[in-house]
Amino acid sequence: MKYPSFKRPLLRAASLGFCLIAWHLLSTLHMDLGMVTFQNLPTPTEVLAEGWHLLQSKKTLAHLTASLSRVFGDFDVSLH
């Protein structure tokens, strides 16, 4: 189905909003859907708060630098 160009971003935003609301509701209610369980999954607000805390930590840059140097170092080795 072909959508007009102005409706496409709205459809994408609505889809993302729906997924976030579903995630919030399912994790808040600790739903168990059989194969998929939300009993141990944090809510989006908890994830956002922890991510913000992580970004403010001084250790994050050191850990990120170490991880990226390993990744690029291994990539460099794989090229030679």
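This note goes through a predicted model, from the overall fold to single residues.

1. Fold. The protein holds three helices and zero strands. Read from the N terminus, the order of elements is α-α-α. Two of these helices matter for the points below: H1 covers 7-28 and H2 covers 44-56.

2. Overall dimensions. The radius of gyration is 20 Å. A compact globule of 80 residues would come out near 12 Å. The C-alpha trace spans about 45 × 40 × 30 Å along the principal axes.

3. Burial and surface. Of the 80 residues, 5% count as buried. The exposed area is about 7,400 Å². Carbon and sulfur atoms supply 71% of that area.

4. Charges. There are 7 positive and 5 negative charges in the protein. Their mean positions lie 16 Å apart.

5. Serine 27. This residue belongs to helix H1. Is serine 27 buried or exposed? Its relative accessible area is 2%, under the 20% cut-off, so serine 27 counts as buried. The side chain of serine 27 reaches the backbone oxygen of histidine 24, at 3.3 Å. Not counting residues up to four places away in sequence, serine 27 touches Phe38, Leu41, Pro42, Thr43 and Pro44.

6. Threonine 43. Here the position is in the loop between helix H1 and helix H2. Threonine 43 has a relative accessible area of 10%; that is under 20%, so this loop residue is buried. Which residues does threonine 43 contact, once neighbours within four places in sequence are left aside? They are Trp23, His24, Ser27 and Thr28. The side chain of threonine 43 also makes a polar contact with the side chain of threonine 45, at 3.1 Å.

7. Linking points 5 and 6. Serine 27 and threonine 43 appear in each other's contact lists. Histidine 24 comes up twice: its backbone oxygen is reached by the side chain of serine 27, and His24 is among the contacts of threonine 43.

8. Histidine 30. This residue sits in the loop between H1 and H2. The backbone deserves a look: histidine 30 has a positive phi of about 50°, although it is not a glycine. What is the exposure class of histidine 30? Its relative accessibility is 46%, which falls between the 20% and 50% cut-offs, so histidine 30 counts as partly exposed.

9. Asparagine 40. The loop between H1 and H2 also holds asparagine 40. Its relative accessible area is 76%, over the 50% cut-off, so asparagine 40 is exposed. In sequence, asparagine 40 and cysteine 19 are 21 residues apart. In space, their C-alpha atoms are 18 Å apart.

10. Glycine 17. Helix H1 contains glycine 17. With a relative accessible area of 26%, glycine 17 is partly exposed. How far apart in space are glycine 17 and valine 47, C-alpha to C-alpha? The distance is 16 Å, with their places 30 residues apart in sequence.

11. The H1-H2 loop in review. Three of the residues discussed lie in this loop, and their exposure classes can be set side by side. Threonine 43 is buried at 10%. Histidine 30 is partly exposed at 46%. Asparagine 40 is exposed at 76%.

Notes:
Residues numbered from 1 in each chain as written. Predicted model: local features only at pLDDT ≥ 70, side-chain atom pairs only at ≥ 80, totals over all residues. Heavy atoms only, no water. Helix = DSSP H or I, 4+ residues; strand = E, 2+ residues; numbered from the N terminus. Rg over C-alpha atoms; globule rule 2.2 N^0.38 Å. Buried < 20%, exposed > 50% of the residue type's maximum accessible area, 1.4 Å probe, protein only. Areas by Shrake-Rupley, 256 points an atom, 1.4 Å probe, with all protein chains shown as cover. Lys, Arg positive; Asp, Glu negative; His and termini not counted. Charge placed at Lys NZ, Arg CZ, Asp CG, Glu CD. Polar contact = N/O pair within 3.5 Å; in protein donor to acceptor, adjacent residues only side chain to side chain. Contact = heavy atoms within 4.5 Å.
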